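Dear colleague,

I am handing over the structure below, together with some notes on the salt bridges in it. Please keep it open while you read, since the notes refer to individual residues.

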Amino acid sequence: MRTWVVRAGRDGQWEREALDEGVALAGWREVPDLSGATTREAVRVAVEEAYPDEGPYTQGNWTGQLHRFRNEIEDGDLVVLPLRSGVVAVGEVHGTYEYGPDRDGAPHVRRVEWRVRDAARERFRPDLLDSMGSLLTVFELSRFGAAERIAGIAAGGTDPGRPDADEFAATLTEPARLFEEVRRRGTDQPLTLSVRDLLGVWNAQRRNATVVEEISNDLALRGLVTVPPFTEGSLDSTVAVLPVGTEPGEERTSDLTRSGFRGVVAESQDVAYLVSNLEAANRKPESVRVGDSLHSAMTLMVLRGYSQLPVLDDDDRLRGVVSWESIGRARMSAADVSLAAATVRAREADRSDDLLDWIPEIQRTGYLLIRDHDHRVCGLITSTDLTEQFGTRVRPFVLLEEIEQRLRRAVDAALPLDRIRAVVSPRRASRVHSAADLNLGAYGHLLKVPENWSALGWSIDRQLFFDALEECRKFRNNVMHFSPDPITEDQLRPAQGLLDLMRSLDPHV
């Protein structure tokens, strides 16, 4: 059993239809009936024909989602539908893919028996809620025992949490406790925890420059290091906290060397967008081995919908890549070829490399293999991974921009320029030509003047609006500080709520 999130339209516009009719729906109405599209390649052709003006990134992303909806979701799988009201519906899939050409905008259908229609968000642990935060319409919840946890909620229970969660990490509520535990354990049983839990000790959720500097300084002051550096990997990557500053013992070696971690320690660096910050870089890809048959590789590629597979040796080191293109080229000279003949060289990046340096390579080939500190293949990044990641990072900026645009329109329409200028210092007043020259904090000061607030004519709770505006201002400041970690749905919610309110106040803008 697998678990999938299937949204009811990009804005949730088909929620009621999905719940009332017992269905999961996918849009892409220009894509015709996919009943005969039993492979990813067939779905890709349909998408490209339906949307010829879209670029390869978008076409590939949409192909992946529709392939999941058509071919990967199976009878008995669970479907999660986050609703605009904030609650969550959970159901079980019954039957195979259907096509409904008469449905307005969402012709692709899977039958679902909805077990729960109004599960409160409090029934889900934060990590599971975060997993639902993807911008994709169709995606799998596959990490941290999600299927079993969702099944429990569908049966009327609550989320028991990650089956692999380190309960002890939850007790490390302040740096002093973490340091004491590392000292108590020594190097024989090093303290290991996720990057997310490590940040939580410092009451942080994301790695920006300020957070990284604070944690790095605190660790250094106590002679500690994380292996690998906590600036690498995703939030769910695991690090060990080890002593590095103690003087050598009778063995004339450091604790770190005796622990066996010396070879993988690297200097903690400033926040940057590393290859390892993408989840795909930390998820070992399926592969074939040197000496396997080409038929095995081709069968696996068809079953999984892959365009390429890494070819590894017995030590998990890269020996090349086999792809549909390389197979086609090999068969131009001979009909019966071996895996070795169809294997071509492929470039691989180190987990700690700067991701921006490798984007041209991913654009050129469509993929990039990732190796760990022992030069073993540990991940594979595709152009679709880049699209999803950067799409997620763009969303907060688009949301904030619309909030500010709507505030500007409302203020410029209701207030004369002299009142707008009155909120800034006299030396800046001459440089303010409209509300566009104000920041979010200045809007708060401007609208707290009773006559300015009255001029807007808004029939809403004044204090609740100011509270939401202040929370949005703080959120904006957080977003503007670069971090390799994505903004979660929970972190987006206050700003999204303010935008929904602004849209209600002036729905025609």
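What follows is an account of selected charged pairs in this model, which is predicted.

The salt bridges come to a count of 32, and three of them are described here by their partners and surroundings.

I begin with helix α1, which spans residues 15-21 and holds both R16 and D20, set four residues apart, or about one turn of the helix. Their side chains form a salt bridge with an N to O distance of 3.2 Å. R16 counts as exposed because its relative accessibility is 53%, and D20, at 55%, likewise counts as exposed.

The pair of D350 and R371 is also a salt bridge, at 3.9 Å from N to O. D350 belongs to strand β15 (residues 348-350) and R371 to strand β16 (residues 367-371), so this contact ties together parts that lie 21 residues apart in sequence. D350 has a relative accessible area of 12% and is buried.

In helix α19, which covers residues 462-480, R473 and E470 are three residues apart, again about one turn of the helix. The salt bridge between their side chains has an N to O distance of 2.6 Å. Both partners are partly exposed, R473 with a relative accessible area of 26% and E470 with one of 33%. Beyond this pair, E401, E404, R408 and R476 are joined into one network by salt bridges that share partners.

With best regards

Methods
Residues are numbered from 1 along each chain as its sequence is written. This is a predicted model: local features need pLDDT of at least 70, side-chain atom pairs count only at pLDDT 80 or more; totals for chains, interfaces and linings use all residues. Side-chain values use heavy atoms; hydrogens and water are left out. A salt bridge is a side-chain nitrogen of Lys or Arg within 4 Å of a carboxyl oxygen of Asp or Glu. Helices (H or I, at least four residues) and strands (E, at least two) are DSSP runs, numbered from the N terminus. Buried means under 20% relative accessible area, exposed over 50%, partly exposed in between (1.4 Å probe, protein chains only).
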